[in-house]
Amino acid sequence: MTPIEERKCKNCGGTELDEATDYLLLRKSKVSFVGSEKVYTFCINCGEVQSIRLTNPNVFKK
């Protein structure tokens, strides 16, 4: 994966990207107690979300 500092925004070409999470878990079902947080990588300049990744995708493996 390319470090955040070296990536460019696909929308405006800006180079200042940051990461944030909304702390809501992505779950397999409504009754599931386990899940994974979503981490958003976004452009500081225009707000365009560049990627969304899960902190713990292993919870979805069978």
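Student: Aspartate 22: buried, partly exposed or exposed?

Tutor: Aspartate 22 counts as partly exposed, because its relative accessibility is 32%. Keep in mind that this is a predicted model.

Student: What does the side chain of aspartate 22 meet in a salt bridge?

Tutor: Its partner there is lysine 38, with an N to O distance of 3.7 Å. The two come from distant parts of the chain: aspartate 22 belongs to strand β1 and lysine 38 to strand β2, with their positions 16 residues apart.

Student: And lysine 38, buried or exposed?

Tutor: Lysine 38 counts as buried, because its relative accessibility is 15% and the cut-off for buried is under 20%.

Student: Which backbone oxygen lies 3.0 Å from a polar atom of the lysine 38 side chain?

Tutor: That of leucine 24. So the lysine 38 side chain has a salt bridge to aspartate 22 and, because buried means under 20%, it does this from a residue classed as buried at 15%.

Student: What else is lysine 38 in contact with, leaving aside neighbours within four places in sequence?

Tutor: The contacts include Ala20, Thr21, Asp22, Leu24, Leu25 and Leu26. Ile52, Arg53 and Leu54 are also among them.

Student: Back up a bit. What is the secondary structure of the protein chain?

Tutor: Three strands and zero helices. Read from the N terminus, the order of elements is β-β-β.

Student: How do the three strands sit in the sheet?

Tutor: The sheet is open, with the order β1-β2-β3 and antiparallel pairing. β1 (17-26) and β3 (49-54) are the edge strands; each has a single partner strand, so one side of each lacks a neighbour in the sheet. From one strand to the next, the twist averages 20°.

Student: How many bridges between β1 and β2?

Tutor: Seven, in the antiparallel sense. For example, leucine 25 has glutamate 37 of β2 as its bridge partner, and leucine 26 has serine 36 of β2.

Student: And how many between β2 and β3?

Tutor: Five bridges, again in the antiparallel sense. Threonine 41 stands opposite serine 51 of β3.

Student: What do β2 and β3 form, and how many residues are between them?

Tutor: They form a hairpin with five residues between the strands. In the turn, glycine 47 has a positive phi of about 85°.

Student: Changing topic: tyrosine 40. Where is it found?

Tutor: Tyrosine 40 is in strand β2, which covers residues 36-43. It counts as partly exposed, because its relative accessibility is 21% and buried requires under 20%.

Student: Which side chain does the tyrosine 40 side chain make a polar contact with?

Tutor: Aspartate 22, at 3.2 Å. That is the aspartate whose side chain also meets lysine 38 in a salt bridge.

Student: What is tyrosine 40 in contact with, sequence neighbours within four places left aside?

Tutor: One group is Asp18, Glu19, Ala20, Thr21 and Asp22. The other is Val49, Ser51 and Ile52. The C-alpha atoms of tyrosine 40 and serine 51 are separated by 5.8 Å, although the two residues are 11 apart along the chain.

Student: How many salt bridges does a search of the whole structure find?

Tutor: Two. Besides the pair of aspartate 22 and lysine 38, glutamate 19 forms one with arginine 53, where the closest N and O atoms are 2.9 Å apart. That pair links distant parts of the chain, with glutamate 19 in strand β1 and arginine 53 in strand β3, 34 residues apart.

Student: Are glutamate 19 and arginine 53 buried, partly exposed or exposed?

Tutor: Glutamate 19 is partly exposed, because its relative accessible area is 31%. Arginine 53 is also classed as partly exposed, because its relative accessibility is 32%.

Student: What about the protein chain as a whole, how much of it is buried?

Tutor: Of the 62 residues, 21% are buried. The chain exposes about 4,800 Å², and carbon and sulfur atoms supply 53% of that.

Student: Last one. Among contacts with a separation of 6 or more, what share comes from residues 24 or more positions apart?

Tutor: The share is 32%.

How values were computed:
Residues numbered from 1 in each chain as written. Predicted model: local features only at pLDDT ≥ 70, side-chain atom pairs only at ≥ 80, totals over all residues. Heavy atoms only, no water. Helix = DSSP H or I, 4+ residues; strand = E, 2+ residues; numbered from the N terminus. Buried < 20%, exposed > 50% of the residue type's maximum accessible area, 1.4 Å probe, protein only. Contact = heavy atoms within 4.5 Å. Areas by Shrake-Rupley, 256 points an atom, 1.4 Å probe, with all protein chains shown as cover. Polar contact = N/O pair within 3.5 Å; in protein donor to acceptor, adjacent residues only side chain to side chain. Pairing = 2+ DSSP bridges. Axes fitted to C-alpha atoms, helices over the stretch in contact; angles between N-to-C directions. Salt bridge = Lys/Arg side-chain N within 4 Å of Asp/Glu carboxyl O.
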